[in-house]
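Reader: Could you walk me through this protein, please? I would like to start with the overall picture and then turn to a pocket.

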Amino acid sequence: MSSAGGLAPTGVLSTMEIRRDIQTFLGAETLHRYVIPNPWIGPPATIMLAAGASFAPCLRRDHYVRKQGAARRFRKIDDVRFGCCQMRGPLNAAGTTTRAECARYTNNAGVWGPPYCSLRPPGNNSVEHVIRPCCTDHRGTCQMLSHQHCAFLKGHFHIDKEHCVQVFCLRDVCTMGRNLFRIDSNPDMPWLARKGTIWQWWRPLLSQFYTFGFMHCLPLLVIEWLLMRPFEESAGWFRVMIIYTICGLAGQLVGGLADPTIPQEGSTSGVAGIIGEAAVELSQAWKLLDKPDTEAIKLGCFMLLLLLMGMLPYVSFLGCLAGCGCGVICAVVFMPYITFDRWDICRKITLVIVGVTTLALIFSLLLYFYITLQPATCQACRKLECLSFTDNMCNVWDLLG
């Protein structure tokens, strides 16, 4: 991903980029945007999304996107609701809008009237049609901008469309590569996904193998080598793979609930799940080990490292906790047991049944909240997800949405 899309600016503070003479409805203006850094020395978020990273709006009918469509209250673009908003004279800018939008965009200085700009008759089309739909962020937000303004914001400019009501921005966000696994729009309401859309359920599985950058990958590899490798040798790769996958999925769901505006990966929560599993194994074999205290300290250091990583942008703090807790339950369910008598066998079978039931209940609730309920973002959760050591360190979280 880094070789395909380059490296994002490294750091923890978003920087402001200013550019002059950008064409808008009100003429050439000086505008600014925030450049989003990646503290892990890795690719920008857009490249990760194009590569199939887990992202909430690509996995469900997102309430934020539906709210944008409800605010427009349009069924289709037509000559009655829409017309050409023109700023004549030296400003020379036109775009298809409603009458109210024209007044808002131009401070009541624009001339509005049907038909929309592409259908203006000869002699009435001298004002250049430069304002068109632009998808400006990762949540599917569309704005009416010039191509120059859209390019400055690193957005997707739709030169063949008249108005945002015709554009489904999530198609640009959720398309993997060029045209692979894209989400099609609804013919009746083009700003929404079509009915019967098969959402990209495979993203959380693919994201199990992703990290946010080289400095994110390195400590995970160290933990995997020191901790997961011995588990694979003793319990088998299949058991470890199941636990890693389940914990990674749980971490992605919790991270997406904590803040749906950033991509999620399952590698950190998967490794945290193996730490939780190791803690259960350590508690059962405590009296059989020569130095159990040393092993406990090692597991504590590993988990502390992951939680510290979770306090920086992108990596989910709550996802790490969820993965570790899920790993504790998975250890009860999937790890092999040593049994001594019939009563011991019954007790451990009961633990397995309770563990499976608990996992099913947890994932049912997580999926219900993630897909259906979609609660508002918890501000306390966002503070845990990114611990701000400076005033604007965690502004990146707002800018992605």
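Reader: How many helices and strands are there in the protein chain?
Author: Happy to help! This is a predicted model, where local features need pLDDT of at least 70, side-chain atom pairs count only at pLDDT 80 or more, and totals for chains, interfaces and linings use all residues. Residues are numbered from 1 along each chain as its sequence is written, and side-chain values use heavy atoms, with hydrogens and water left out. Helices (H or I, at least four residues) and strands (E, at least two) are DSSP runs, numbered from the N terminus; the protein chain has 15 helices and 8 strands.

Reader: What share of the residues is buried?
Author: The C-alpha trace spans about 95 × 40 × 35 Å along its principal axes. A residue is buried when its relative accessible area is under 20% (1.4 Å probe, protein chains only). Of the 401 residues in the protein chain, the buried share is 48%.

Reader: Which helix gives the most to the lining of the second largest pocket?
Author: A pocket is an open set of points on a 1 Å grid over the protein atoms alone, where a 1.4 Å probe fits, with protein on both sides within 12 Å along at least five of seven lines; lining residues have an atom within 4 Å of a point. Here 22 residues line the second largest pocket, with E281, L282, Q284, A285 and L288 nearest its centre. At least two lining residues come from each of α8 (214-235), α10 (267-284), α11 (292-310) and α13 (342-373). With 5 residues, the top contributor is α8.

Notes: Buried means under 20% relative accessible area, exposed over 50%, partly exposed in between (1.4 Å probe, protein chains only).
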